[in-house]
Amino acid sequence: MRDLKHLIYFEDLLQEANNELVRKGKEDGNLCLGYTCYFMPEVLLDLPGCFAVRLRAPKCTSPDMASYYMSGRTCHYGRSLLERALEGGFNFIDAQLATETCTVTCRFQEHLEYMDDVINNATFKTSFTDVPFKKNANSIDHYRKQLKIKVLDFLAKEYGVDTSDEAILKAIKINNEVNDIITEIGNFRKLDNPTITGYEFSVITLVSMVCPKYLIVDKLRETLEELRTREPDDKPNFKIKVLLAGSENDDPDFIKLIEGCGALVVADRHCYGSLEARQHIDIREGEDPLTAVARHYLLTSQCARFMEQKEMRHRKKVLADYAKEYNADGIIVESNKFCEYWSFERMIDTIVLPRDFGYPVCSIEKEYINTASGQLRTRFQAFVESVELKKIQEDK
Amino acid sequence: MKKPDLKKLKEVDFKKAAKDFVYGKPHGERRLGDLYIPKTGLYKHREWRGIKDTMYYFNNIWLYNYGMIVRDIMVYGGGPKGLIQFLKGTWRYRWMGQTYLTVMHWFDRCLEGMRGETLAASAWHFRGIVSACLYQITGFFNRDLNIGGDPALRAKTIGTDETVWGGVIYPYMDQGGYYLPTQMIPYFVTCHCNNHTVLNYIDAVQAYGLPGDPCPMCQAEAGIYIEDDVPDAYVAMVTTNEACDSSVGTSVIQDWMMNKPLFAMPQVMQFDDDSVLENCAKEIEMAWRFMEEQTGLEFHWEELKKHIELQNKQNQFEREKWDVAANTHSYPINGVAQALYRIFYSQYGERPFWHDVDAKVRKIMEKCVTEDINTFPMTRHRVIAWSCAPLYYSAWCTWAYNCWGLNTIINMDSLMFDLDIRTDTYENCLLDIAKYHEWAPMRRMAVGGLQHIFELWENMEKFNCDMVMMYDQLQCKGMQGVVGLFEDEFRARNIHAIWMPHALPDKRTVPRSQIRQIINDYMFTVMGEEPLDPSLLDFDDIDSW
Amino acid sequence: MKKKAKKKKNKAVRFVKKTLGIAALAYAGLFCVFYYDLDGKLLYYVVEPFMKNHFDNMERRDPHTVPYEQIDSEYMK
C-alpha cells in the first residue's frame, strides 16, 4: 500500500509527551490538562481554553527512580509515567485530572499531588474523581456528581475555565468530529483486505489523544480522505486477522510486532484503543450535556473493573461481537505485567471465548515497552500458525 | 550404665530449680527456641510456665477449648445431626479436614511465653475467634447441598465476599437470615491456623492461567472456587471491591465458578468527600432488595437497630481497650490476639459470642489497671504494625516480644471500622452504614488517598509507639506503590521502621525464618541491642503449620 | 442387714474411688498428651498426611465445564 501522507508526522508526535502540537496549544494560551484513564472524560478537558493530553511515557524502558518510589513490583506503565514526571517530562501539564480506577496509575497521580516538586509548574494541581464500578442509574448519578465537583468546579475555581452547558456542548462538538473521523478510518479495517494496518490505525488514534484536537483534526480529516482512495496490496500481506483486547497499550510498536508475525490487528479493545474512546457522544432528549457525558463514558466502557454480574458476563460477548464485526479470526488478550484487573479477565477470556464463542485466543502478558520481543514473537507466530491450520481444516 | 556426673549435680541450684518449677523461668532464661522439633514447629514438650500458668493453660485453655469445640459443634450444629454434618464436611473440604484440626497449635504459637493475665485475656480472644469459626463452619455444613444439608436453611442464606460487612444481614436475623462470608473460613482463617492448605488454592488458580503476580490473597480466594471447595450453602451472593483491583478480579472468577445470582455492592474508593455517601447508601439498599428477592425475607428495621446498638457497644469497649493500650502498661492482650479478634468481629458483625468474650476480657483488664500490673514487663519498644500483615505469620508479634522485647501495641487493621453507627433514624443509620463500609480494611487506610496511609504518624503518637513494623506485602500494588514515600518520611521523621516483606498467605515467597532474620538484623545492627532469648533468633520451622 | 448395708457402702466407696482413680489417671494421661504435644504430633505425622492424601486424590469438578451465561433475575433489569 502507498504510505500515508502524514504517518511520519504522526509518528513524530508520539515520540514525546510534550510534542510540537502540545507546545503550540500552550502557546495559544490554552491550559494543558493531563489524564490517564478513559474514565476521566477527555471531552471535559477539551472545554474552551483547555485541551486534554492522555499521558504516555514513550521510550521509557528503565524506570529506575520510579521503582524506588513504587517498587519493581507494580505495573510498568504507572512506573514509567512517574519516571517521566520525575525526569521533568510532564512539567508542561497545568493540572492532572486523576481517577482512582486502577491502583498503580492512581498511585502515580497521588505522587504528583503529594510531592511538591515533581511537576515544575506553578499552576499545577491535581483533582481526583471517584469512578463507580457499575453502570446503573445510581452509578451514572454518582459519576455525574463527581465530574461536576472534581472536574468542572475544580477547573472553574482554580483556573477560571468556562464550564457552562454551552462550553460543554462546544467540547462535545469538537470531540465528536474527531471521534467520527477515527471511527470512519477504523471502519476500513472491516474490509476483507483492509486498506489500513493496525499499526497505522494505532498511531492515528494515539495522536488524537495526545494532541490538542483543534490542531490535529485537519490532518486526521485529510488522512481519512486519503484512505477513501487508498488501494490495498493485491495480495494480502497478513495470514490472519485478530482483535487485540486487554489492558493498557499505547505502544504502536507492539502492534507492529503482532503484524510482523502475520496477524493483522483489525480491532482494538484495550486502554488507549479506539473502540470505546472514539464513539460518538449522543445527547438524549431532555438530557443536560454533563449527564450525557457521564452516561456515555460509563456505558461505553468495557473495562474489566465493572462488577455487575450481567456486565462481567456481557463483556465477553462484546469481544466476540467485535471480532465478528471486524472479521477477526482470533483474539489476542494481553495484560500488562502486574495489571490485576486484566490478569483475572485474561484468564477467564482464554477459556470462555474459545469455548462459548468459537474464537481462538492467544493469551499473553507483556511489559509497557516491549523491548524483549523474541518470546512474544514466538508466541504470536505459533498462534498465527494454529489459527491458519484451523482455517484450513474448516475449509476442508 | 553411665555414671551420674556428681560434680554437675552439685552445681545445680536446687532452690532456683524449685523456684522455676513453681513460678516458671523468668524472661531471658526461658530458651523457648529449644522446645521446637526442627522443621515441624512441633514442641518436644510444651512450655513449662510455672505451676499456676501451666495448669491454667492445660485446664482453662487446652482442655477447655477442646471441650468447647465439641460443645460448639453440637450447639451451633443443632445436636447430633450437626455432628454428622460436621464429619461429612470434614471429609469433603480440604480447608476443614486438613486445616482446622490443628487449632490448638495456633493457640500455642500465639501464646508462647505469655503469663498470668496476659495469657488469660489473649486466650479468651482466641476462644472467641474459634467459636465464631465454628458458628460459620456448622453454618456452612448444615446448609451445604453437596453433603446433604438443609435446603430450607440454604434458602435464607446469602453468601458474601468476606469483605462485605456482616451487618448486611442484621435486618433479617430474626427470620433466620444467615450471612456466610464465603472466603473467611475456607481461606482467611486457615492461613493463620495451618498455612499448608491455602497453597493448594493458589496453585489451582495459577494452573488455570492466572499469573503469579496478583495479590495472593485474591488468588487463593479465586482458587477455592476453582477447586470447587466452597460449600453450596447459600442461595445468592453479594460481592464487593474490597478494596483493590485484584479483589474485583476475584469476583469475576467467583461469579463464573459459583454460577448463582450475584449482586455487586462496590463502595467508592475516594471516600473523603461526603457527597459519595449517598451513592454507597443506595447500593446498600439495593443489596438489601436483592437479598429480599432471593430469600423471601423482609426488612425489619427494629432488628437492624438492635444489632447495631449491640455492635456499637463492642466498638465502645474496643476504644476503652485502646485507651488502656495507649496510656498504661497494663494492657493484657498480645499483638496477635488483639489484631485477629478485632478484624474478625468488626468484619463478621455482632454475635453473642463476642459479648461473652468481651465481658471476660473487661474483668481481666480492669484487674490489670486497678492493680497496676505490668503485663509486658520486658517491653523495650512499643511497636505499631502498619499495612497488611503476613497471614502465615501473624504470631510474629509473640516471637518478637519473646525474642527482642518488641511489644506490638496496635496495628493498622484494628483501627478501621472505628465508627458508632447512629440508630436515631433510618436515614442516619443508612449513611453511617455506608461510611462503615467505606472504612473497611484496606480501603480505610491503604487506598482512597495517600493521606489515609499516612495516618500512621498520628496513630504512632496516640499509642505512644517508638517503632514501626512496616508490613511489605510484595504483591499488594497499592502498598508497593508508596514504598518510596514511606522511606522518605521515615527518614525525615527519624523513625525506626523495619520493613517486613511477605506475601500474605503464601509462605513460599518469604519464609518465616527470613522475616525473623530481617528483624534480627535490624535489632543487632541498627538498634545495637541483644536478644532477650537467643534461642529464638534462628530456628527452622519451614514445614510448620 | 447391717452387714449388707456396710457391704453396699463399701461398694459405693470402691466405685467412687475407682471412678476418681480412673479420672485421675485420665487427667494425668491428658496432661502427658498436652505436655509432650502428643496431639500435635498425632495430627502432624498421621492425621494431616492421611487427609492430604485423601484430598489430593479427590475427584473434582472440571472448571471448564461450568457454564457462563447470563443469569436472568428481576434485579438485573
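How many residues of chain A are in contact with chain B, and how many residues of chain B are in contact with chain A? In this predicted model, 39 residues of chain A meet 43 residues of chain B. On the side of chain A that touches chain B, at least two residues each are supplied by α3 (64–70), α5 (103–114), α6 (137–159), α12 (309–325), α13 (340–357) and β8 (361–366) of chain A. Of these elements, α13(A) gives the most, with eight residues. By residue class, the side of chain A that touches chain B consists of 17 nonpolar, nine polar and 13 charged residues.

The strand β8(A), one of the elements just named, leads from the interface to the pairing of strands within chain A. β8(A) pairs with β7(A) in the parallel sense over six bridges, and within this pairing Ile331(A) stands opposite Val361(A) of β8(A). Strand β5 (residues 240–246) of chain A is also joined to β7(A), by five bridges and again in parallel; here Val242(A) has Gly330(A) of β7(A) as its bridge partner.

Is β7(A) enclosed or open to its surroundings? Seven of the seven residues of β7(A) (residues 330–336) are buried, so the strand is largely enclosed by the rest of the structure. Burial applies to both faces: Gly330(A), Ile332(A), Glu334(A) and Asn336(A) point one way, Ile331(A), Val333(A) and Ser335(A) point the other way, and all are buried. Glu334(A) is thus among the buried residues of this strand.

Chain A also contains an open sheet of four strands, in the order β2-β1-β3-β4, with parallel pairing. Its edge strands are β2 (50–54) and β4 (125–129) of chain A, each of which pairs on one side only. On average, neighbouring strands of this sheet are turned by 25° against each other, direction ignored. Strand β1 (residues 31–35) of chain A runs parallel to β2(A) and is joined to that strand by five bridges. Within this pair, Gly34(A) stands opposite Val53(A) of β2(A).

In chain B, attention turns to a pair of helices. The axes of α10 (residues 198–207) and α11 (residues 216–226) of chain B come within 7 Å and cross at roughly 80°. Because this angle falls in the range 65 to 115 degrees, α10(B) and α11(B) are roughly perpendicular to each other. From α10(B), the contact involves Val198(B), Tyr201(B), Ile202(B), Ala204(B), Val205(B) and Gln206(B); from α11(B), Pro216(B), Gln219(B), Ala220(B), Ala222(B), Gly223(B), Ile224(B) and Ile226(B) take part. These residues divide into ten nonpolar, three polar and no charged.

Chain C has two helices and zero strands. The radius of gyration of chain C is 29 Å, well over the 11 Å that the globule rule gives for 77 residues, so the chain is more spread out than a compact globule. Along the principal axes, the C-alpha atoms of chain C fill a box of roughly 90 × 40 × 20 Å. Of the 77 residues of chain C, 10% count as buried.

Chain C, too, meets chain B: 26 residues of chain C are in contact with 27 residues of chain B. Both α1 (2–35) and α2 (38–56) of chain C give two or more residues to the side of chain C that touches chain B, and α2(C) provides the largest share, ten residues. The side of chain C that touches chain B holds 16 nonpolar, two polar and eight charged residues.

How values were computed
Residues are numbered from 1 along each chain as its sequence is written. Chains are lettered from A and ligands numbered from 1 in the order in which they are written. This is a predicted model: local features need pLDDT of at least 70, side-chain atom pairs count only at pLDDT 80 or more; totals for chains, interfaces and linings use all residues. The radius of gyration is taken over C-alpha atoms; the globule rule is 2.2 Å times the number of residues to the power 0.38. A residue is buried if 20 or more other C-beta atoms lie within 10 Å of its own, exposed if 12 or fewer, and partly exposed in between; C-beta atoms are placed from the backbone. Two strands pair if DSSP finds at least two bridges between them. Axes are lines fitted to C-alpha atoms, for helices over the stretch in contact, and angles run from 0 to 180 degrees between N-to-C directions. Two residues are in contact if their C-beta atoms, placed from the backbone, lie within 7 Å. Ala, Val, Leu, Ile, Met, Phe, Trp, Tyr, Cys and Pro count as nonpolar, Asp, Glu, Lys and Arg as charged, and the others, Gly among them, as polar. Angles under 35 degrees count as roughly parallel, over 145 as roughly antiparallel, 65 to 115 as roughly perpendicular and the rest as oblique.
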